[in-house]
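Hi,

Here is the structure I promised to pass on to you. Please have it open while you read the notes underneath.

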Amino acid sequence: MSQFEALQGNEAVATAMRQINPDVVAAYPITPQTSTVQKFADFVSDGLVDTEFVTVESEHSAMSACVGASAAGARVMTATAANGLALMWEIVYIAASNRCPIVMSLVNRALSGPINIHCDHSDVMGMRDSGWIVLFSENGQEAYDNLIQAVRIGEHADVLLPVAVCQDGFITSHGMERVEVFDDADVQAFVGQYRPQWSLLELDNPKTYGPLDFYDYYYEHKRQQVEAMENAQQVILDVTGEFNKKFNRNYGLFEPYRLEDAEVAVIAANSTAGTVKVVVDQLRDEGLKVGLLKPRLFRPFPAQELAEALSHLKAVAVMDRSISFGAMDNAGPLFLELVAALTLHGVQVPMADYVYGLGGRDILPREIERVYRDALKVAETGQVDQLVTFLSVRE
C-alpha cells in the first residue's frame, strides 16, 4: 500500500533513491540540491540501503566516479545543480558517449555570474546537446515518479543513455507538499534488477571504454548515440504506460491542460505550469478559451507530437526560464525548439516568447494573465508585435 507523506521535493527524490537502492551514488553537495544527498546519506548510515556512497571533492569527480561505476556494471545515481553541473561538463558528455545509464536528479538553478543560488533553467538548457535524456517535473510528486521511471528508461537495452530528472530549485526542491510514496516492494519490482550488457569487469569478454577515437570510428559512435536517442521516445512511452497502469498515473510526453478546445495556449515547464493552471481556470471562468501545454520530455524532443497537439490553436506563447544568448532575438531554448518543430511539421501559428523568472524572480499570476491576453490579441490580428518579451525586468 502506498502512503502519503509531507515531503520537500529533495526528500521525495531521496526517498525514491532509497527505494531504488542503487549500487553506487557519487555526489557532491551544492545548493539547492544538498538536502537530496544529505537525506540519502542518512539512509546509507542507517543501513536502509546497500549503496556504496562515494563522497568526492567536486562535481567533476562525482560524475567521473559515476561513469567508472556504471562502466563496471553498477546501477548508478547522482544529484547536482547549476555550477555543479557546469563543473561536470566534460564528464556529462563522456557519460552519454560511453552509454552509461546514470540517473541524475538535477535541481534547476541559475548559472553564475553574478552568483545566484535560485531557480532558472540555464543549467539544464546548457546540457541539452550533451546526449542525456531530460525529464521535467512540476512538483515533488512528479520528481519522485520521474526518478523511478528514469531507471528503467536509461537502462533499456535499446537506449543505454543517462537521464536527468529536473525540478525547480527551492520552489519545489525545498517546498513541502503531499507526496504519495509507493510501497518499497512495488518500486523494487518496477525497476527490477539491472543486468548490464557491457560490463567492464566481464573478464571473459574484454571491453574498452574511453579510447582515443579518431575520424575512422568517432562518426560511427556518434551515429549510434543518435539511434539510441531515436529509440528512447518509444521506450519512454512504454515505461510510462506500464508505470501509469501500475501506479494509477497519467503521464505522457507532455501534459495538456484544458487544451482540446483552446484557441490560445501557453507552454510552460516545471513548477510554473502549476501557477499557469490556476490562471487558465480563472480565465476560463471569464469565458476565454485558453489552455496550457506542460512539457515533460525535453530530450528527445517530441517535435511531431507537440506540433499535432498545438495545430488547432490561433496563437501560442512560450515561457522560457533561460536565454539562448545570441540566438534569434536572444530568445529562450524552448521557444526556438518549438518554432522549428511547428514549422517543419507544417503548423502555421503565430508564436511569441516570454523570458521570465531568471535567478529565481517570482512569476506572478497577473504576469501570466498578461501573457494570455497578449496571445488573445495575436489570435485576433494574426500579428506578433514583439517576438521576445522579458517579463518583470526592472527598468
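Below is what I found in the strands and helices. Please keep in mind that this is a predicted model.

Let me start with the sheet of six strands. It is open, its pairing is mixed, and the strand order is β9-β11-β10-β13-β14-β15. At the edges stand β9 (254–257) and β15 (388–390); each has a single partner strand, so one side of each is left without a neighbour in the sheet. On average, and ignoring direction, neighbouring strands here are turned by 20° against each other.

Inside this sheet, β10 (residues 264–267) runs parallel to its partner β13 (residues 315–320), and four bridges join the two. If you want a place to look, find V264, which has A315 of β13 opposite it.

Two helices lie across these strands. Helix α10 (residues 272–285) lies across β9, β10, β11 (290–295) and β13, and its direction is at about 165° to β11. Helix α12 (residues 333–344) lies across β10, β11, β13 and β14 (351–355), at about 150° to β13.

Now to the sheet of seven strands. This one is also open with mixed pairing, in the order β3-β2-β4-β5-β7-β6-β12. Its edge strands, β3 (52–55) and β12 (297–299), each pair on one side only. From one strand to the next, the twist averages 20°.

Here β2 (residues 24–27) and β4 (residues 76–80) form a parallel pair with two bridges. V24 has V76 in β4 as its bridge partner.

Enjoy looking through it!

Best wishes

Conventions
Residues numbered from 1 in each chain as written. Predicted model: local features only at pLDDT ≥ 70, side-chain atom pairs only at ≥ 80, totals over all residues. Heavy atoms only, no water. Pairing = 2+ DSSP bridges. Axes fitted to C-alpha atoms, helices over the stretch in contact; angles between N-to-C directions. Contact = heavy atoms within 4.5 Å.
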